[in-house]
Amino acid sequence: GTIENVCVGSAPIAGVDASACRVTTIVTEAAQIRVAKSATPATVPAGGTITYTLAVINDGPSSATDVSITDTLPAGVTLISVDGGGTFTCPAVAPVVCTAASLPVGSYAITIVARAPAQPGTIENVCVGTADLASVDVSACRTTTIVTEAPALVAVKSGPASVMVGDRIDWTIRVTVAGNEPISDVLLIDSLQEGLTDAEVSSESLTCSINEAMRIACEAKSLPVGEYEIAVSANAPKTPGFVLNLCVVTALTGTTDDSECRAETGVLRGEPPPTTGPATPVPTLSVWALLMLSILLLAIAGPSVVRSKQRKSQ
């Protein structure tokens, strides 16, 4: 609007001319600022990553000064990073306070990346804002995020109890993901023992590689709920002993258990022992067969015995 201000004057013995004591001022609207917030994803596993985007809009008609937007993260949510988009200054500390000395008419963004709580539940995030001689509407600066139970990954390794020196050893690593959500950024490390040679690794679901130090690395950006296998093989050492093979697993989200990701194999010298089986049965004769054999032997030996006795009597 427009406002006018005038004055009057008087004096006992003099006239006062107040015709120029007038001023007109045009009053424009103050800056109108709106703040809207969104959160992605809407559902996140415990310990997962949430990205909050704050859209700060100055509808004008003038620039706003000394603008401040404060986002106090919910309990259990951990700040990872914050980006003021080049307009706002946002120290990476909680609570997040982003400031701008001047905010011209237009739209701006603040991005906050945080880690969800470790326990399932529902979290709400709101913000507040202030500005010098401007209104700040934060009614849309509110989000609700559902935190689900974190996925759990278990890795179990199996292999032969013993092999001969130089023989091939084959291990199988079974990876099981349980829960309601995929597990992200999985990394499995299997450092093979010194003395093993010609190692190989393969998997249909994880990307695996092996370096010159016999260190196997298997990765997956995301593993849905289910079971997966990793096949590892190597030539046994050329000297007798034991081969202890261990692996460790990490993931960005969820929990991991690699306590059973171990296998011990004995390496034996020489040829393997012969396979033992049931004893071969010895043929036996029946009672009647033994009786007939005795009669036959007596019939054969009888005349020889009689002749021997006759020679002795002469």
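P41 sits in a loop, the one that runs between β3 (31-40) and β4 (43-45). Before going on, note that this is a predicted model. The point about P41 is the bond leading into it: the peptide bond from T40 to P41 is cis, and its omega is near -5°.

There is another cis bond to mention. Going from G60 to P61, the peptide bond is cis, here with omega near 10°. Where is P61 placed? P61 is in the loop between β5 (49-58) and β6 (64-71).

Next, some backbone angles. D185 has a phi near 50°, which is a positive value in a residue other than glycine. This aspartate is found in strand β16, residues 183-191. Is D185 buried, partly exposed or exposed? D185 counts as partly exposed, because its relative accessibility is 29%, and the partly exposed class lies between the 20% and 50% limits.

D198 is the other aspartate on my list. Its phi is also a positive value in a residue other than glycine, near 50°. D198 belongs to strand β17, which covers residues 197-202. At 53% relative accessibility, D198 is over the 50% limit and therefore counts as exposed.

Now to strand β5, where we find L54. Is L54 buried or exposed? L54 has a relative accessible area of 1%, so it is buried; the limit for that class is under 20%.

What does L54 touch, leaving aside its neighbours within four places in sequence? L54 is in contact with V35, A36 and K37, with I69 and D71, with Y108, A109, I110 and I112, and with C127 and C141. Take I69 from that list. L54 and I69 are 15 residues apart along the chain, and their C-alpha atoms are separated by 9.4 Å. The contact itself is counted between heavy atoms, within 4.5 Å, so the C-alpha separation of 9.4 Å does not conflict with it.

K37 is also among the contacts of L54, and K37 has something else to show. Which ring does the charged end of K37 sit over? That ring belongs to Y52, and the charged end of K37 is 5.5 Å from its centre.

That leaves the rings themselves. A pair of aromatic rings is described by two things, the distance of the centres and the angle of the planes. How many aromatic pairs does the count give for this model? The count comes to 0 aromatic pairs, with ring centres required to lie within 6.5 Å.

Note on methods
Residues are numbered from 1 along each chain as its sequence is written. This is a predicted model: local features need pLDDT of at least 70, side-chain atom pairs count only at pLDDT 80 or more; totals for chains, interfaces and linings use all residues. Side-chain values use heavy atoms; hydrogens and water are left out. Rings of Phe, Tyr and Trp (its six-membered ring) pair if their centres lie within 6.5 Å; planes under 30 degrees apart count as stacked, over 60 as edge-to-face and the rest as tilted. A charge sits over a ring if NZ of Lys or CZ of Arg is within 6 Å of the ring centre and within 35 degrees of the ring normal. Helices (H or I, at least four residues) and strands (E, at least two) are DSSP runs, numbered from the N terminus. Buried means under 20% relative accessible area, exposed over 50%, partly exposed in between (1.4 Å probe, protein chains only).
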